[in-house]
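User: I would like a close look at one helix in this model. Please keep it plain, and explain each term when it comes up.

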Amino acid sequence: MANQVSAKQVSGSVLAASDWRTLRERHRARVDELVGPYLRARRRGVKHPVIDFLFTYYASRPAHVLRWHPGFGIVLADAEIYLDLRGYHRVDGGVSVDPDHLRSRAGALRTTEALLQATASRPARLGCFGLHEWAMVYRTDDTRHNVPLRLGAAGTDAVVDAMGLRCTHFDAFRFFTDAARPHNEVELTRDRQIDDEQPGCLHATMDLYRACFSLAPLIPSDLTLAAFELALRARELDMRASPYDLRALGYEPVPIETPSGRAEYVREQAAIAERGAVLRDTVARRCSELLASIEP
């Protein structure tokens, strides 16, 4: 039958209730270690100029990172609560991700795999120094956050004028001010995204979180949590290197307007890119394996 999922994919490992509940609780505990205080403050309506991005920009919800999924092909015993979630169905021995759901997400899997493989095929470029955030407030009185500029408006503009812009990520570039866009090395477009993405970009690494949670429950939650943790680290560097003064929130600036600041930025960017390369390969291979499980 066309687009039939092989039977072995829905009759694989069976996790006993005690086992999957333990994994679920460990997952939630790790999330609490990472952002528990933030999530509790968020429920009270408190805004955070650094961490909010991972939920507002990506249209993500705390449930996307809090909820544990085993991934396609794993059967959960005594897990009727999962039948209330999208993508699950009942099978012999318990509950598992529905093959019909896998088929419905084939297009998203192919798109994700193609972008991740294209990004991974290029060398990491580490010379942007996080200036995309500076470009978003260049020669304008508007700011994206209710936080003071560390060097003031004129000082911020002067840094962009002196250093130029080498952004490769369209979803950052599209928020540049009109005055900033001509300063970028190239004019970025959505159509060329798969040709321009490169693994040194902090935002390309942060996007791995979106790739994982948007493919849930096909993707196991250990990948989603790893992507979220790395995105959190990348976002923190992103904003520490930004023109904003976030010291009141405990974030020491990375002053990329100085040689020592640029060297610090590149060191941290390279470490994040190295971890991102491993995770990107893992997620791409997972997409490939899921697509291969759909028989022609």
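Which exposed residues does the face of H7 turned away from its buried side carry?

Analyst: This is a predicted model, in which local features need pLDDT of at least 70 and side-chain atom pairs count only at pLDDT 80 or more, while totals for chains, interfaces and linings use all residues. Residues are numbered from 1 along each chain as its sequence is written, and side-chain values use heavy atoms, with hydrogens and water left out.

The face in question carries Ala154 and Ala162. Exposed means over 50% relative accessible area, buried under 20% and partly exposed in between, with a 1.4 Å probe and protein chains only.

Helix H7 covers residues 152-163. Helices here are DSSP runs of H or I with at least four residues, numbered from the N terminus. With 12 residues at 1.5 Å a residue, H7 should span 16 Å, and its end C-alpha atoms are 17 Å apart, which agrees. The expected span is 1.5 Å times one less than the number of residues.

On the other side, the buried residues of H7 are Thr156, Asp157, Val159, Val160 and Met163. Seen down the helix axis, these fall within an arc of 155 degrees, so they line one face of H7. The arc is taken from the directions from the helix axis to the C-beta atoms. An α-helix has 3.6 residues a turn, so residues three or four places apart point the same way.

The buried residues of H7 pack against helix H6 (132-135) and helix H12 (259-292); contact means heavy atoms within 4.5 Å. After H7 comes glycine 164, with a positive phi near 70 degrees.

A positive phi also turns up in residues other than glycine. Phenylalanine 129, in the loop between H5 and H6, has a positive phi of about 60 degrees. This residue is buried, with a relative accessible area of 14%. Alanine 59 has a phi near 50 degrees and sits in the loop between helix H2 (53-56) and helix H3 (62-66). Unlike phenylalanine 129, which is buried, alanine 59 is exposed, at 58% relative accessible area.

One more buried residue belongs to another helix: arginine 24 lies in helix H1 (residues 17-43) and has a relative accessible area of 15%. Leaving aside residues up to four places away in sequence, arginine 24 touches Trp68, Ile81 and Tyr82.

Terms used: Helix = DSSP H or I, 4+ residues; strand = E, 2+ residues; numbered from the N terminus.
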